[in-house]
Amino acid sequence: MASNAFLKSLTKGQILHSVVEEKQSGSDVLCNFQGNLLRIANHTAQPLEKGQSVRLQVKCADPLEFQIFDPNIIKFERVI
């Protein structure tokens, strides 16, 4: 799994290019980012398969939360 130093170095908005290593139970997948394994819960309708390249964007650093980053889908969020 990923080291604490690596996890603490992640910042909001950062994009990680990773590869799906293995599908786990339920919606969980294990992603490899430069040798760091991240267990990610897939809450999208898009199925993730072993060997698939995935871009993950850090949505929140504390607690750590990711979202799948797709530059082809532009999503506007309004912050009040």
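This report walks through the fold, the nonpolar core and a few backbone details of a predicted model.

**Overall layout**

The chain holds one helix and five strands, and their order along the sequence reads α-β-β-β-β-β. Of the 80 residues in the chain, 26% are buried. The accessible surface comes to about 5,900 Å², and carbon and sulfur atoms hold 51% of that. If you take the contacts with a separation of 6 or more, 46% of them link residues 24 or more positions apart.

**The core and Leu38**

The largest nonpolar core counts 15 residues, and Leu16, Leu38, Ile40, Leu56 and Phe66 have the most contacts inside it. Four strands give two or more residues each to this core: E1 (15-23), E2 (28-33), E3 (36-41) and E4 (53-61). As a general backdrop, nonpolar side chains in soluble globular proteins tend to be buried together.

Leu38 is a handy place to start looking around. Leu38 sits in strand E3 and has a relative accessible area of 4%, so it falls under the 20% limit and counts as buried. Leaving out residues up to four places away in sequence, Leu38 touches Ala2, Phe6, Leu7, Leu16, Val29, Leu30, Cys31, Phe33 and Phe66. Take Leu7 from that list: Leu7 and Leu38 are 31 residues apart along the chain, yet their C-alpha atoms are separated by 9.4 Å.

**Two faces of E3**

Which side chains of E3 point to the buried face? Asn36, Leu38 and Ile40 do, while Leu37, Arg39 and Ala41 point to the other face and are not buried. That fits the general rule that side chains in a regular strand alternate between the two faces of the sheet.

Asn36 is the polar name on that list, so how does its accessible area come out? Asn36, also part of E3, has a relative accessible area of 17%, which is under 20%, and therefore it counts as buried. Again setting aside residues up to four places away in sequence, Asn36 touches Ala2, Ser3, Phe6 and Cys31. Ala2, Phe6 and Cys31 also turn up among the residues that Leu38 touches.

Here are the relative accessible areas for three residues discussed in this report:

| Residue | Location | Relative accessible area |
|---|---|---|
| Leu38 | strand E3 | 4%, buried |
| Asn36 | strand E3 | 17%, buried |
| Gln34 | loop between E2 and E3 | 71%, exposed |

**The E2-E3 hairpin**

E2 and E3 run antiparallel and are joined by six bridges. Within this pairing, Val29 stands opposite Ile40 in E3. The hairpin has two residues between the strands, and Gln34 is found in that loop. Where does the 71% for Gln34 put it, buried or exposed? A relative accessible area of 71% is over 50%, so Gln34 counts as exposed.

**Backbone oddities**

Two spots deserve a look if you scan the backbone torsions. Gln34 has a phi near 50°, a positive value in a residue other than glycine. The peptide bond from Asp62 to Pro63 is cis, with omega near 0°. Pro63 lies in the loop between E4 and strand E5 (64-68). For context, most residues other than glycine have a negative phi, and most peptide bonds are trans.

Conventions. Residues are numbered from 1 along each chain as its sequence is written. This is a predicted model: local features need pLDDT of at least 70, side-chain atom pairs count only at pLDDT 80 or more; totals for chains, interfaces and linings use all residues. Side-chain values use heavy atoms; hydrogens and water are left out. A nonpolar core is a set of buried Ala, Val, Leu, Ile, Met, Phe, Trp, Tyr and Cys residues joined through side-chain atoms within 4.5 Å. Buried means under 20% relative accessible area, exposed over 50%, partly exposed in between (1.4 Å probe, protein chains only). Contact means heavy atoms within 4.5 Å. Accessible areas come from the Shrake-Rupley method with a 1.4 Å probe; for residues, only the protein chains shown count as cover. Two strands pair if DSSP finds at least two bridges between them.
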